[in-house]
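Have the model open and turn it slowly as you read. We'll take it one piece at a time.

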Amino acid sequence: MFRRRHNTSEKSELDAAFQEEKVSELRAALGSLSRRSSQFCTDACLRRYLRARNWNIDKSKKMLEDTLKWRSNYKPEEIRWVRLISLQFLKSKSLLQFFSVCQPEVAQEGETGKAYRANFQDKDGRTVIVMTPAKQNTTSHDKQLQHLVYLLENAISNLPEEQEQMVWLIDFNGWSLSNSTPIKTAREATNILQNHYPERLATAFLYNPPRIFETFWKIVKYFLDPMTFQKVKFIYPKNEETVDLIQRNFDVEVLPKEFGGKNDMQYNHEEFSRLMEKDDTKMAGFWGLNEKSKQVANGHLTSEITPEAEPSPPLAAHAS
């Protein structure tokens, strides 16, 4: 007859207990994992997959196993800004062959600043990826996807401990159907984000897309699941309601001018490359990779990154 009303703290405790139970169930269902998969599958990671599948163990298990298989094949944690070439390789190849392979792995994709991790955060301290589709500079489907995956991994590795999600700022200045991302690439990029990085995107702000973008969007939106679709926000500089939305998430002083802010920042490829090379070293350390033999990258001696054959390190918070 009389129902007990739970206060906020009691409800939080119940929610926490429920989540903990589900995480334990999912971990048991997964069974034995490889060293790298174990490192990836933190409790926070399992909670993200559970949330993405409405806490259904079977569906979450299927989704996570698909991701582990994808990561095993694609090896996103091993993508580097610059390709490393071993001295042993150099001794066995001609100078012409050396220069034909000693190319940046994804650095070339980022030369124009079409996509990069920003040096500022939103009001909640979340990592921000800035994209300008009109600055597209390549045509390789595989390389464009590899560049996106690299940036996702890098953004995640730079999230503060209390945050799990990133924000995208997409500037449509200069966008047209002629320089738009091919539908095939857009579909695969969406698939990677939704299926292998669930609950990692907080919001994607699409700033001032032209009317012709509606044609492209009508196709792309069918690739999005309902949860991702809700995270896409269109911002128009002449619409006060949408402008207020982006300014609720960013301080005007740090928001770039291209998005209606006051920050006159410009992408500097050389500076960004130095930052990414430092981040690559941190990434190698996180995933249990170490420096074994001297390498050459862009004509300079550096270190080859090879897997360690050591016991698995403690679980860390980077895992997607």
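What follows is a walk through two helices, a hairpin, the nonpolar cores and one loop residue. Keep in mind that this is a predicted model.

Let's begin with helix α4, which covers residues 57–74. Its 18 residues reach 25 Å from the first C-alpha to the last, close to the 26 Å expected at 1.5 Å a residue. Now look at which side chains are tucked away: Ile57, Ser60, Met63, Leu64, Thr67, Leu68, Trp70 and Arg71 are the buried residues of α4. Looking down the axis of α4, you'll find these buried residues within an arc of 165°, so they line one face of the helix. The spacing fits a general rule: an α-helix has 3.6 residues a turn, so residues three or four places apart point the same way. Turned away from that buried side is a face with the exposed residues Asp58, Lys59, Lys69 and Asn73. The ends of α4 are worth a look too. Asn56 caps the N-terminal end, with a side-chain oxygen 3.1 Å from the backbone nitrogen of Asp58. Just past the helix, Lys75 adopts a positive phi of about 55°.

Next, jump along the chain to helix α12, residues 269–286. This helix has 18 residues and spans 25 Å between its first and last C-alpha, close to the expected 26 Å. Here Phe272, Ser273, Met276, Asp279, Asp280, Met283 and Ala284 are buried. Down the axis of α12 they fall within an arc of 145°, so once more the buried residues line one face of the helix. On the other side of α12 sit the exposed residues Glu270, Lys278 and Lys282. The N-terminal cap of α12 is Asn268, which places a side-chain oxygen 3.1 Å from the backbone nitrogen of Glu270. Gly288, just after α12, has a positive phi of about 80°.

Time for some strands. β2 (residues 115–121) is mostly covered, with five of its seven residues buried. It runs antiparallel to β3 (residues 127–131), and four bridges join the two. You can spot Gln121 standing opposite Thr127 in β3. Five residues lie between the strands of this hairpin, and Gly125 has a positive phi near 80°.

Now for the inside. In soluble globular proteins, nonpolar side chains tend to be buried together. The largest nonpolar core in this model has 56 residues, and Trp81, Trp168, Leu169 and Phe250 touch the most other members. Helix α7 (residues 141–157) gives the most to this core, contributing eight residues. Apart from that core lies another, of 19 residues, with Phe40, Ala52, Ile57 and Met63 among them. Two of those names should ring a bell: Ile57 and Met63 are also on the list of buried residues in α4. As for Phe250, if you skip residues up to four places away in sequence, its contacts are Phe120, Gln121, Asp122, Lys123, Val128, Val167, Leu169, Phe205 and Leu255.

Finally, find Phe172 in the loop between β4 (166–171) and α8 (183–196). Is this loop residue buried or exposed? Phe172 is buried: its relative accessible area is 6%, and the cut-off for buried is under 20%. Who is around it? Leaving out neighbours within four places in sequence, Phe172 is in contact with Leu206, Tyr207, Asn208, Pro209, Pro210 and Phe213. The C-alpha atoms of Phe172 and Met131 are 8.7 Å apart, although the two residues are separated by 41 residues along the chain.

Note on methods
Residues are numbered from 1 along each chain as its sequence is written. This is a predicted model: local features need pLDDT of at least 70, side-chain atom pairs count only at pLDDT 80 or more; totals for chains, interfaces and linings use all residues. Side-chain values use heavy atoms; hydrogens and water are left out. The expected span of a helix is 1.5 Å times one less than its number of residues. Buried means under 20% relative accessible area, exposed over 50%, partly exposed in between (1.4 Å probe, protein chains only). The arc is that of the directions from the helix axis to the C-beta atoms. A polar contact is a pair of N or O atoms within 3.5 Å; within protein, one must be able to donate a hydrogen and the other to accept it, and residues adjacent in sequence count only if both atoms are side-chain atoms. Two strands pair if DSSP finds at least two bridges between them. A nonpolar core is a set of buried Ala, Val, Leu, Ile, Met, Phe, Trp, Tyr and Cys residues joined through side-chain atoms within 4.5 Å. Contact means heavy atoms within 4.5 Å.
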